[in-house]
Amino acid sequence: MTVTVTAGDSFTASVPSPLFEDRFLSTMGDTHTTYDVARDGAHFLMVERAGGSVDAPRHVDIVLGMVKSR
Amino acid sequence: MLTFVDHRGTSTPLALPSRRYADPRLSPEGRRVAVHIVEEGRENFVIDLDRGTLMRLTADPGEDETPIWTPDGKWVVYTSTRADHARAIFRRMADGSSGEELLWSGTGHVHLGGFTPDGRMLVLAVMEDSNANLATLSVGDKELRPLVIDQFNKTEPALSPDGRWLAYVSDETGRPGVYVQAFPNPGARYPMSANRGREPVWSRDGRQLFYRGADG
């Protein structure tokens, strides 16, 4: 999922929107963050099972928002 | 295996040996990856994306995990168990040119979240006695200080690129959800995920927050 944010004295965020079906691995289970975002913000470094088989699909959401300066 | 995925979900696997990779973290310049390889004795490695090479960063029989980069890209900081440390945080030069330097040692199971932009402090989750909470570690005085403490579990801290906002996961609604709170002085909390959310990660420009979840 993705949310757009704006920072400042207060924090505002858009409604979350789904990016893509998350068929990638959370190798270590809960409490680990198992992906990263590339510098271009358009690609994600993720873990995939060799051969392309996948975990049960979820969603990667992005929240876009605004954080006003404090 | 590791793969780059675009916004449409198209996967482009990296030309690397097939291993059980975990906790991948791109370096600040984006050309290296600090990663945990599970079947290699839970060790940490640095991958050079341009050359397709792996370099082992840790080799102790203990567990090593959650590698993160310092903001200057020179060091990788990670959590470990050692024969003489129930749990510890070490740093090592990313090019392997230094030995391990101990930053903290204690009993709680810690997972690292990221550094403040000046590299002086890192945020982490401390899991101990069936509770998980957030804390900061000052690199200068090596003091661990509680950050957000209540009766609910908090994990997966992610600091915004400008260091002013902290995203994390809390189970206060009975299921994991992503929240954002001011840093370092916590104020109002802003829930990000409507249903279930985990693993918040900021875009490099701080304008987007990503998470894994079931919203939408």
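Across the interface of chain B and chain A, the rule finds one salt bridge, and I should say at once that we are looking at a predicted model. That salt bridge joins the side chains of Arg212(B) and Asp22(A), with 2.5 Å from N to O. By class, the side of chain B that touches chain A has 16 charged residues, alongside 27 nonpolar and 15 polar ones. As for polar contacts, the count between the two chains is 23 residue pairs, with both residues at pLDDT 80 or more.

Let me turn to the extent of the interface. In terms of contacts, 58 residues of chain B meet 54 residues of chain A, and between them the chains bury about 4,800 Å², of which 56% is on carbon and sulfur atoms. Arg212(B), which we have just met in the salt bridge, is also, together with Met1(B) and His7(B), among the residues of chain B that lose the most area to chain A, the three making up 15% of what that side buries.

Now to the strands, where the two chains share a sheet. Strand β5 of chain A, residues 43-47, pairs in the antiparallel sense with strand β1 of chain B, residues 2-6, over five bridges, and within this pairing His43(A) has Asp6(B) as its bridge partner. On the chain B side, β1(B) pairs with β2(B), again antiparallel, over three bridges, and there Thr3(B) stands opposite Pro13(B). Taken as a whole, the sheet is open and has four strands, in the order β4(A)-β5(A)-β1(B)-β2(B), with antiparallel pairing; its edge strands are β4 of chain A, residues 36-37, and β2 of chain B, residues 11-13, each of which pairs on one side only.

Technical notes:
Residues are numbered from 1 along each chain as its sequence is written. Chains are lettered from A and ligands numbered from 1 in the order in which they are written. This is a predicted model: local features need pLDDT of at least 70, side-chain atom pairs count only at pLDDT 80 or more; totals for chains, interfaces and linings use all residues. Side-chain values use heavy atoms; hydrogens and water are left out. Contact means heavy atoms within 4.5 Å. Buried area is the accessible area (1.4 Å probe) that two parts lose on being put together, summed over both. A salt bridge is a side-chain nitrogen of Lys or Arg within 4 Å of a carboxyl oxygen of Asp or Glu. A polar contact is a pair of N or O atoms within 3.5 Å; within protein, one must be able to donate a hydrogen and the other to accept it, and residues adjacent in sequence count only if both atoms are side-chain atoms. Ala, Val, Leu, Ile, Met, Phe, Trp, Tyr, Cys and Pro count as nonpolar, Asp, Glu, Lys and Arg as charged, and the others, Gly among them, as polar. Two strands pair if DSSP finds at least two bridges between them.
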